[in-house]
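Subject: Structure handover

Dear colleague,

I am passing on the structure we spoke about, and below it you will find my notes on what turned up when I went through it. Please read them with the structure open beside you.

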Amino acid sequence: MIKIIAVDPGMTGAIAYLDTDNGAGVFDMPVKPGTHGTNIVDTNAIKAIVLESWGQIDFVIIERPLWLKTHGPKQSTTKRFNYGRL
């Protein structure tokens, strides 16, 4: 049995899983209200989905956002280095 998770990060992203014994599925990226009327990704909900639904995971694939693929004038090295830290 192999369990794989693929993550498309961001507000409109998703989390997909594949379990070679039990099939596959997709969840929309969970969001919650943030400050100033904006929404933010709900990292606690992601943790609950992954750990409670699937337990031990064999592979995780995370799509690299476009702003990490290219270096723009407003993107500092520190910001790109810290991407993905919770």
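I begin with one aspartate: the side chain of D42 reaches the backbone nitrogen of N44 at a distance of 3.3 Å. Please keep in mind throughout that this is a predicted model, and that the distances I quote are computed from it.

As for where this aspartate sits, D42 belongs to the loop that runs between strand β5 (39–41) and helix α1 (43–54). D42 is buried and yet has no salt bridge, the nearest side chain of opposite charge being that of K32, which is 4.2 Å away. A salt bridge is counted here when the side-chain nitrogen of Lys or Arg is within 4 Å of a carboxyl oxygen of Asp or Glu, so a pair at a greater distance is not listed as one. K32 nevertheless appears among the residues in contact with D42, together with P30 and V31, once the neighbours within four places in sequence are left aside.

Turning to the helix that follows this loop, you will find V50 in α1. V50 counts as buried because its relative accessibility is 17%, and the cut-off for that label is under 20%. Beyond its neighbours within four places in sequence, V50 is in contact with I5, G55 and I57. Of these, I5 is 45 residues from V50 along the chain, although the C-alpha atoms of the two residues are separated by 8.5 Å.

I5 and I57 also come up in the search for enclosed space, since both are included in the lining of the largest cavity, along with K3, I4, Y17, L18, D19 and W54. That search, made over the whole structure, finds 1 cavity of 30 Å³ or more, and the space in the largest cavity comes to about 30 Å³. Strands β1 (3–8) and β2 (14–19) each supply at least two residues of its lining.

For the overall picture, the protein has 3 helices and 6 strands, which follow one another along the sequence in the pattern β-β-β-β-β-α-β-α-α. Of its 86 residues, 21% are buried. Among the contacts with a separation of 6 or more, 31% are between residues that are 24 or more positions apart.

With best wishes

How values were computed: Residues numbered from 1 in each chain as written. Predicted model: local features only at pLDDT ≥ 70, side-chain atom pairs only at ≥ 80, totals over all residues. Heavy atoms only, no water. Helix = DSSP H or I, 4+ residues; strand = E, 2+ residues; numbered from the N terminus. Buried < 20%, exposed > 50% of the residue type's maximum accessible area, 1.4 Å probe, protein only. Lys, Arg positive; Asp, Glu negative; His and termini not counted. Polar contact = N/O pair within 3.5 Å; in protein donor to acceptor, adjacent residues only side chain to side chain. Contact = heavy atoms within 4.5 Å. 1 Å grid on protein atoms, 1.4 Å probe; cavity = no way out; pocket = protein on both sides within 12 Å on 5 of 7 lines; lining within 4 Å. Points joined across faces, edges and corners; volume = space filled by probe spheres on them.
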